[in-house]
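Visitor: Could you take me through the interior of this protein, beginning with one strand and working outward?

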Amino acid sequence: MEFDPAIEKFSPEAFGSHLRYLIEEVRQREKKERVLFLCIGSDRCTGDSLGPLIGHKLNQQPTREWEVLGTLHEPVHALNLRETADCIRRQYAGYVVVTIDASLGQNRQVGRITMGRGAIRPGQGLQKELVSVGDVYITGVVGACGREPWILQNTRLSLVMDMADAICTGICRADRVGLISKEMA
């Protein structure tokens with residue numbers, strides 16, 4: 001499912017409702033109770049900072065019923081993703097893992113937020129071979145596909161911040177109405 005983060009088009013309620021549906025589907029199928037947001041990216045590159053920004057914002061929420069890996073202060077990126085995936089298998093086996101990452105797409109898709117079932121393989125847009133992670137994914141298209149590594153370096157911070165705000169608002173809206181809390185499992 002795709003969401004447009006533009007203020008007049010983005011619906012935190014629709015986002016939260018779809019996120020709830022996907023999380024509950026995994027909970028029932030795999031008997032998992034809690035939720036872990038795995039926010040992938042690097043704070044050293046504007047376009048790749050979507051995940052750590054969201055992780056930072058989620059950790060700032062006063063009442064939250066989730067765990068977060070990947071923040072501005074402790075990012076999860078290409079160099080430590082495999083180690084983090086191993087940690088998740090050991091320490092978070094009973095969690096629905098919602099993976100959040102920046103992605104590349106076509107020019108007309110830039111600014112779109114996507115959400116769906118299954119794992120994602122970070123780094124594909126730049127032809128990196130990284131481990132697949134997650135039960136549910138949320139991605140934000142921050143640039144157009146290409147092999148040039150500078151694409152992510154030239155992404156406007158305002159775009160990334162708007163997308164991070166929209167995603168965090170949708171997650172928090174879902175939590176406020178009890179969509180993520182462990183009591184709903």
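**A strand and the core around it**

Visitor: How many of the nine residues of β6 are buried?

Guide: The model is a predicted one, and in it β6 is mostly covered. Taking buried to mean under 20% relative accessible area, the number of buried residues among the nine of β6 is seven.

Visitor: Which strand is joined to β6 by eight bridges?

Guide: Two pairings of β6 can be set side by side. β5 runs antiparallel to β6 and is joined to it by five bridges, with I113 partnered by G140 of β6. The other pairing is parallel and includes the bridge between L104 and G143 of β6; the strand joined to β6 by eight bridges is β4.

Visitor: Which residues of α5 does I138 touch, leaving aside those up to four places away in sequence?

Guide: The contacts of I138 include V98, T99, I100 and D101, as well as I113, T114 and M115. I138 also touches F15 and L19, which lie within the span 12-30 of α1. As α5 spans 157-176, the contacts of I138 that fall in α5 are I167 and I171.

Visitor: Which element supplies the largest share of the largest nonpolar core?

Guide: This core has 32 residues, and F15, L19, F37, V98, I138 and I171 touch the most other members. Elements that each supply at least two of its residues include α1, β2, α2, β4, β5 and β6. The largest share, eight residues, comes from α5.

Visitor: How many residues are in the second, separate core?

Guide: Among the members of this second core are L38, V76, L81 and V133. It is separate from the core just described, and its residue count is 15.

Conventions: Residues are numbered from 1 along each chain as its sequence is written. This is a predicted model: local features need pLDDT of at least 70, side-chain atom pairs count only at pLDDT 80 or more; totals for chains, interfaces and linings use all residues. Side-chain values use heavy atoms; hydrogens and water are left out. A nonpolar core is a set of buried Ala, Val, Leu, Ile, Met, Phe, Trp, Tyr and Cys residues joined through side-chain atoms within 4.5 Å. Buried means under 20% relative accessible area, exposed over 50%, partly exposed in between (1.4 Å probe, protein chains only). Contact means heavy atoms within 4.5 Å. Two strands pair if DSSP finds at least two bridges between them.
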